[in-house]
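Trainee: I should like to learn how the features of a protein fold are read from a model. May we work through one together?

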Amino acid sequence: MNNMFIDSHTHMHNYEDVLEKYQDAFNNHGLFAALNIFEIGKDENILSNIHILKNLNKNILSAAAVHPAHIDRISLSNAYNVLMTLLPYISCIGETGLDTENNLETQLDFLNMHYNIAKEHNLPMSIHCRYANIKYVTDLLLNIRYVFHCFTSSLSDAQYIIENTSAYISFSGIVTFKNAKDLIDVILYCPLDRMLIETDSPCLSPEPLRGKKNTSSNIRYIYEFISQKRNISIEFLSEQMKKNWLPFIKVV
Ligand SMILES: [Zn+2]
């Protein structure tokens, strides 16, 4: 299989055999590039792991930030310091954003800190936004590149994003779930030049593998699903995702 698929958001480093799993995805499942998302405050040895992944394949890029569910694990100033040491080696700041309505203010403090660094250093951001109003995010993130990763919100939220911001919308394996039919309207609506695709592994295995552990090798199921719904070839979709990816990401 040609190397055609970009996994725009994955946490493959959570696997002990991460190198074998990436190798399998690149060699046998058509993976072209991946953005490996590290979580500051939870993950150890992020910098050495960034180098290990890069040595395996130069198309494994890395991102880092404090996930909004982990804001009680590290102080804002420590997180800032860690992020500054990682800065020359990362291609994106994320994932960051808003998770629950609890501690919203602290989540916003972290989002703001991440945003200021992204803006100053011309880095894109990978945004997690669940159970929170997307306008908290769209009102804050001005004049930078960012993506709403693992989009599961409504069609009207998607329309708001496309019409009022320059953000991308990234779809995960959730779109293949039988109880996620509303997302098909979002797939049909989202302009192809504002779309990205991800596995978010090790969570969220797409159908027909739902319930099993997810890896970047499964990215093709999501590409297949979206290309069928949009009535375009998987090659056309892959070319478009590459066109979206290259100006979005910072290659380091
Ligand atoms: Zn994630």
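Mentor: We shall go from the whole chain to its sheet and then to its helices, bearing in mind that this is a predicted model.

Trainee: How many helices and strands does the chain contain?

Mentor: The chain has 9 helices and 8 strands. Its radius of gyration is 17 Å, close to the 18 Å that the globule rule gives for 252 residues, so the chain is as compact as a globular protein of that length. The C-alpha trace spans about 45 × 40 × 35 Å along its principal axes, and 43% of the 252 residues count as buried.

Trainee: What do the contacts say about residues that are distant in sequence?

Mentor: Taking contacts between residues at least 6 apart in sequence, 74% join residues at least 24 apart.

Trainee: In what order do the strands lie in the sheet, and is the pairing parallel or antiparallel?

Mentor: The 8 strands form an open sheet in the order β1-β2-β3-β4-β5-β6-β7-β8, with parallel pairing. At the edges stand β1 (5–10) and β8 (195–197); each has a single partner strand, so one side of each is left without a neighbour in the sheet. From one strand to the next, the twist averages 25°.

Trainee: Where can I examine one such pairing in detail?

Mentor: Consider β6 (residues 146–148) and β7 (residues 168–171), which pair in the parallel sense over 2 bridges. Phenylalanine 148 has isoleucine 169 of β7 as its bridge partner.

Trainee: Which residues cover the two faces of β7?

Mentor: The general idea comes first. Side chains in a regular strand alternate between the two faces of the sheet. In β7, Tyr168 and Ser170 lie on one side, Ile169 and Phe171 lie on the other, and all are buried. Both faces of β7 are therefore covered.

Trainee: How should I read the sides of a helix?

Mentor: An α-helix has 3.6 residues a turn, so residues three or four places apart point the same way. In helix α1 (residues 18–28), the residues Lys21, Tyr22, Ala25 and Phe26 are buried. They cover an arc of only 130° around the axis, which puts them on the same side of α1. Glu20 and Asn28, on the other side of α1, are exposed.

Trainee: Against which elements do the buried residues of α1 pack, and what follows just after the helix?

Mentor: The buried residues of α1 pack against β2 (31–39), α2 (46–56) and β3 (60–65). Just after α1, glycine 30 takes a positive phi of about 75°.

Trainee: Which residues of α2 are buried, and which are exposed?

Mentor: Ile46, Ile50 and Leu53 are buried in α2. Their arc around the axis is only 70°, which puts them on the same side of α2. Ser48, His51 and Asn55 are exposed on the face turned away from that buried side. The buried residues of α2 pack against β2, β3 and α3 (76–86).

Trainee: How is the packing of two helices described?

Mentor: One gives the angle and the distance between their axes. Helix α8 (residues 219–230) and helix α9 (residues 234–248) pack at an angle of about 110°, with their axes 9 Å apart. Angles of 65 to 115 degrees count as roughly perpendicular, and α8 and α9 are therefore roughly perpendicular to each other.

Trainee: Which residues meet where α8 and α9 pack?

Mentor: From α8, Tyr223, Glu224, Ile226 and Ser227 meet Ile234, Leu237 and Ser238 of α9.

Note on methods: Residues are numbered from 1 along each chain as its sequence is written. This is a predicted model: local features need pLDDT of at least 70, side-chain atom pairs count only at pLDDT 80 or more; totals for chains, interfaces and linings use all residues. A residue is buried if 20 or more other C-beta atoms lie within 10 Å of its own, exposed if 12 or fewer, and partly exposed in between; C-beta atoms are placed from the backbone. Helices (H or I, at least four residues) and strands (E, at least two) are DSSP runs, numbered from the N terminus. The arc is that of the directions from the helix axis to the C-beta atoms. Two residues are in contact if their C-beta atoms, placed from the backbone, lie within 7 Å. The radius of gyration is taken over C-alpha atoms; the globule rule is 2.2 Å times the number of residues to the power 0.38. Two strands pair if DSSP finds at least two bridges between them. Axes are lines fitted to C-alpha atoms, for helices over the stretch in contact, and angles run from 0 to 180 degrees between N-to-C directions. Angles under 35 degrees count as roughly parallel, over 145 as roughly antiparallel, 65 to 115 as roughly perpendicular and the rest as oblique.
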